[in-house]
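Visitor: Can you take me through this one? I would like to start with how the chains meet and then move to the DNA.

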2 protein chains.
Amino acid sequence: MPNNQFKKGELYSFITGKASTAIARRLQKKFNGAGLNITIEQWSVLYHLWKQEGISQQELCNATFRDKPSITRLVDNLEKLNLVKRVPSEHDRRINMIYLTKQAQKLQEDTMALAEETLNEALETVPADKVDTCKEVLQIVYDNLK
Amino acid sequence: MPNNQFKKGELYSFITGKASTAIARRLQKKFNGAGLNITIEQWSVLYHLWKQEGISQQELCNATFRDKPSITRLVDNLEKLNLVKRVPSEHDRRINMIYLTKQAQKLQEDTMALAEETLNEALETVPADKVDTCKEVLQIVYDNLK
DNA sequence: TTTGAATAGTTGCACAAACAACTATATGCC
DNA sequence: GGCATATAGTTGTTTGTGCAACTATTCAAA
C-alpha cells in the first residue's frame, strides 16, 4: 500500500511549501528592516561561500540546489552589489572561482543572527524532538527526489 | 532559552525549503510529461477553485498565501489558457468572481493523481507517524509566522 | 593528433513573486 | 448628500526560476 497519508487539503501545503515561504518572507523583512540590501536567494549563495569561498559556479549550483542559469544571474547581481568576485581558474579556463569581498564578509554575523532569530520565532512552542523528526523527514524527501 | 536546535547547515534547508522545491519540480515534470500545459502555481489556484469556485481574487490570495498582484497575473494566465473566467460580481462591482471552465474541470482528476503520486515518491520509506509529526510542525511554523 | 563528447558558463524567453503606486468602487461618519 | 477611508483589483519594476540553445574549453578515444 502506498504511503498515502494525505487527506485532501494537507497535500496542498506540502507541495507549495507554505511554511518555508513564510520563513523566507519573515527573514526578508528582517533583512529589509535592518537595512541589509540583499535577497534571501543572494543570502543563500553567500551562506555557502561563508563556509567555503573560491568554489566554482557549478559547485554553487549543487550546494544551493539551483540550475546554472540561476547561479549565473545570482552571481551577476552579487557582483553588482560588490559582494562577490568572479576569478577565472588558472587550471581550467572554463571555470570561475567565486570569492567574497570584505563587504560580504561583514554581512555574515548580522544575517546569521537574523536567520536564527527567524527560526526561533517559527519554531516557538514546538518541542525539540518534533523539530528533529521534521528535519529528518524533510531530508528524506529531498534525498528521495533530488 | 530559545528553541534553537539548528546546527549551522541545517538552518539552511529549513529556510530555503529544499524539500518543497524538490516536490514542486518533480510534480512539474510529471505535468509536462503528461502533456499538461500548466505550472504548479497555476495548479495551486485551480486546486482551491476545485474545492469551491466563484470566489473572489482576494479569497484566492488568502487561500494560496499570495499577494494581489500575483493572483491578478495567475488569473490572467489561467484566462489565456481558457481554464478560468472572471465574472464581475453583481453586488460589488469591485469584485471578480472566478469560475472554472469545462476544460479546467477535466484537469482535476489527472493532476490530483500526479500530485498524490509525487507525494508517495517523496515520502517513500517515511513512517506514517513521522509524516504526521512533520505536517504538524510545518503547520505550527506557518501559523507562527503568517 | 584530430575529432567528438562532456563540462562550465551565458543568454533569451516565459512565468512567477514582492513591493509600490495607481484606479475604481464601497462604506461609514458628519 | 458629501467626504474620508477602506477594499478589490491592476500595472510597472526588479529579482528569481526553469528550460532550451548557445559558446568556450577540456578530455578521451580512434
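Guide: Contact here means heavy atoms within 4.5 Å. The model is a predicted one.

Visitor: Fine. How many residues does the contact take from chain B and from chain A?

Guide: It takes 59 residues from chain B and 59 residues from chain A.

Visitor: And what area do chain B and chain A bury between them?

Guide: About 6000 Å², with carbon and sulfur atoms giving 66% of it. On the chain B side, B:Tyr12, B:Ile15 and B:Leu145 supply 12% of the area buried against chain A, more than any other three residues.

Visitor: What is the count of salt bridges between chain B and chain A?

Guide: Two salt bridges. B:Lys130 forms a salt bridge with A:Glu136, and their closest N and O atoms are 2.7 Å apart. There are also ten residue pairs in polar contact across the interface of chain B and chain A, both residues of each pair being at pLDDT 80 or more.

Visitor: Which helices of chain B supply the side that touches chain A?

Guide: Helix 1 (10-16), helix 2 (18-33), helix 3 (40-51), helix 4, helix 6 (102-122) and helix 7 (128-145) of chain B each supply at least two residues. Helix 7 of chain B has the largest share, 14 residues.

Visitor: How do the residues on that side of chain B divide into nonpolar, polar and charged?

Guide: The side of chain B that touches chain A has 32 nonpolar, 15 polar and twelve charged residues.

Visitor: On to the DNA. How many residues surround DNA strand D, and which are the closest?

Guide: 25 residues surround DNA strand D, and the closest are A:Thr39, A:Asn77, B:Gln57, B:Gln58 and B:Arg73.

Visitor: Which parts of the strand D atoms are within 4 Å of the protein, by percentage?

Guide: Sugar or phosphate accounts for 59% of the atoms of DNA strand D within 4 Å of the protein, and bases for the rest.

Visitor: Which chain B atoms lie by a phosphate oxygen of strand D?

Guide: Among them is a polar side-chain atom of B:Gln57, which lies 2.7 Å from a phosphate oxygen of DNA strand D. For B:Thr72, a polar side-chain atom lies 2.8 Å from a phosphate oxygen of that strand. With B:Asn96 the atom is a backbone N or O, again 2.8 Å from a phosphate oxygen of DNA strand D.

Visitor: Which helices supply the surface near strand D?

Guide: Helix 3 (40-51) and helix 5 (68-80) of chain A, together with helix 4 (57-64) and helix 5 (68-80) of chain B, each supply at least two residues. Helix 5 of chain A gives the largest share, five residues. By type, the surface near DNA strand D divides into four nonpolar, nine polar and twelve charged residues.

Visitor: Now DNA strand C. How many residues surround it, and which are the closest?

Guide: 26 residues surround DNA strand C, the closest being A:Gln57, A:Gln58, A:Arg73, B:Thr39 and B:Asn77. Sugar and phosphate make up 61% of the strand C atoms that come within 4 Å of the protein.

Visitor: Where do the side chains of A:Arg25, A:Arg94 and B:Arg66 reach strand C?

Guide: A polar side-chain atom of A:Arg25 lies 2.8 Å from a phosphate oxygen of DNA strand C. A side-chain N or O atom of B:Arg66 is 2.7 Å from a phosphate oxygen of that strand. For A:Arg94, a side-chain N or O atom is 2.9 Å from a base oxygen of DNA strand C.

Visitor: Which helix has the largest share of the surface near strand C?

Guide: Helix 5 of chain B, with five residues. The surface near DNA strand C divides into four nonpolar, ten polar and twelve charged residues.

Visitor: Last topic: how is chain A divided into domains?

Guide: Into domain 1 (1-36) and domain 2 (38-109). The centres of domain 1 and domain 2 of chain A, taken over C-alpha atoms, are 25 Å apart. Each of these domains gives five residues to the contact.

Visitor: What area is buried between domain 1 and domain 2 of chain A?

Guide: About 480 Å², 73% of it from carbon and sulfur atoms. A:Gln28, A:Phe31 and A:Leu36 supply 75% of the area that domain 1 of chain A buries against domain 2 of chain A, more than any other three residues.

Visitor: How many salt bridges and polar contacts are found across that domain interface?

Guide: Zero salt bridges are found across the interface of domain 1 and domain 2 of chain A. Three residue pairs are in polar contact there, both residues of each pair at pLDDT 80 or more.

Terms used. Residues numbered from 1 in each chain as written. Chains lettered and ligands numbered in written order. Predicted model: local features only at pLDDT ≥ 70, side-chain atom pairs only at ≥ 80, totals over all residues. Heavy atoms only, no water. Near = heavy atom within 4 Å. Polar contact = N/O pair within 3.5 Å; in protein donor to acceptor, adjacent residues only side chain to side chain. Helix = DSSP H or I, 4+ residues; strand = E, 2+ residues; numbered from the N terminus. Nonpolar A, V, L, I, M, F, W, Y, C, P; charged D, E, K, R; others polar. Domains from an automatic or database assignment. Buried area = accessible area lost by both parts, 1.4 Å probe. Salt bridge = Lys/Arg side-chain N within 4 Å of Asp/Glu carboxyl O.
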